[in-house]
Amino acid sequence: MRTVSPTSPTSPVASFPSSPPEYKSRAPEFYGFVAWTSTSFLFVVYVLWALLPDECIVWLGIDWYPNREWAILFPAWSIVVVLLTYFVYFALTLHGTPAFNHTSTIADSRGQFPKLSFEKGEDEKRALLSAYAPFANHDTTPELYDIPIGIVNRVLYGRKNDLKGKTGHEQEL
């Protein structure tokens with residue numbers, strides 16, 4: 001009889017009951033217990049240091065300990081550090097974000113545009129329009145290209161000269 005792994009292309013359903021793993025480490029349980037115990041112990045020591053009078057701490061045999069004002073300053077400074085961390089990450093995100101009118105917000109590195117060929121005396125806009133002109137015919141099947149935002153705006157909204165003679169309501173449409 002052929003043994004098949006619990007989920008394989010030939011047997012996608014796992015067998016029931018599933019076989020237990022051969023070896024399972026209990027190290028995460030011990031690490032979690034040590035972390036929980038040490039955190040609880042340090043919190044109790046912190047509370048005792050902050051609340052017990054000096055005589056009790058000296059009676060316990062502790063000759064030197066930090067000033068009590070640090071019981072308030074340390075949590076306050078920790079909160080400030082956390083808030084500053086959020087502020088710095090937010091500021092770095094804003095700094096790395098391009099402006100709304102930057103071309104990287106409109107086109108990405110995966111955009112596919114037709115090759116532009118410039119003739120003598122021809123500007124970039126005319127070359128761009130002539131590159132897309134063959135695809136404007138209704139009987140052709142165009143290749144798959146991204147359309148630059150300038151052409152989209154010109155088709156949707158017309159040229160600036162076309163809007164001068166219209167009233168305010170017609171300009172909004």
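## A tour from a nonpolar patch outward

Start by selecting Val80, Leu84, Phe87, Val88, Tyr89 and Leu92: together they make up a nonpolar surface patch with about 630 Å² of accessible area. Keep in mind as you look around that this is a predicted model.

**Stop 1: Val80 and its helix.** Keep Val80 highlighted and colour the helix around it. Val80 sits in α3, which covers residues 70-96. Is Val80 buried, partly exposed or exposed? Its relative accessibility is 44%, so Val80 counts as partly exposed. Now colour by confidence: α3 has the highest mean pLDDT in the chain, at 95.

**Stop 2: residues 72-92.** Next, select residues 72-92, one of the spans that an unreviewed UniProt entry labels "transmembrane region". In the model this span is 100% helix and 0% strand, with 30 Å between its end C-alpha atoms.

**Stop 3: residues 30-52.** The UniProt entry gives the label "transmembrane region" to residues 30-52 as well. Select them and you will find 96% helix and 0% strand. How far apart are the end C-alpha atoms of residues 30-52? The distance is 32 Å.

**Stop 4: Leu52.** Zoom in on Leu52, where the UniProt span 30-52 ends. Leu52 belongs to the loop that links α1 (27-51) to α2 (54-59). Show the neighbouring side chains too: setting aside residues within four places in sequence, Leu52 contacts Ile57 and Arg68. Leu52 has a relative accessibility of 24%, and because buried means under 20%, Leu52 counts as partly exposed.

**Stop 5: the whole chain.** Zoom out and switch to a cartoon view. There are 7 helices and 0 strands, so the order from the N terminus reads α-α-α-α-α-α-α. Of the 173 residues, 6% count as buried. Turn on the surface and you are looking at about 16300 Å² of accessible area, 65% of which belongs to carbon and sulfur atoms. As for contacts with a separation of 6 or more, 21% of them join residues 24 or more positions apart.

**Stop 6: the C-terminal stretch.** Return to the confidence colouring for a last look. The chain averages a pLDDT of 78, and 68% of the residues score at least 70. Where is confidence lowest? Select helix α7, residues 168-172, where the mean is 48. Extend the selection to residues 168-173 and the pLDDT is below 50 over that stretch. Beyond near neighbours in sequence, residues 168-173 have 2 contacts in the model.

Conventions: Residues numbered from 1 in each chain as written. Predicted model: local features only at pLDDT ≥ 70, side-chain atom pairs only at ≥ 80, totals over all residues. Heavy atoms only, no water. Helix = DSSP H or I, 4+ residues; strand = E, 2+ residues; numbered from the N terminus. Buried < 20%, exposed > 50% of the residue type's maximum accessible area, 1.4 Å probe, protein only. Contact = heavy atoms within 4.5 Å. Patch = residues over 30% accessible without salt bridge, like charges linked within 9 Å, V, L, I, M, F, W, Y side chains within 5 Å. Areas by Shrake-Rupley, 256 points an atom, 1.4 Å probe, with all protein chains shown as cover. Salt bridge = Lys/Arg side-chain N within 4 Å of Asp/Glu carboxyl O. pLDDT = per-residue confidence, 0-100. UniProt positions renumbered as here; feature names shortened; annotations may be inferred.
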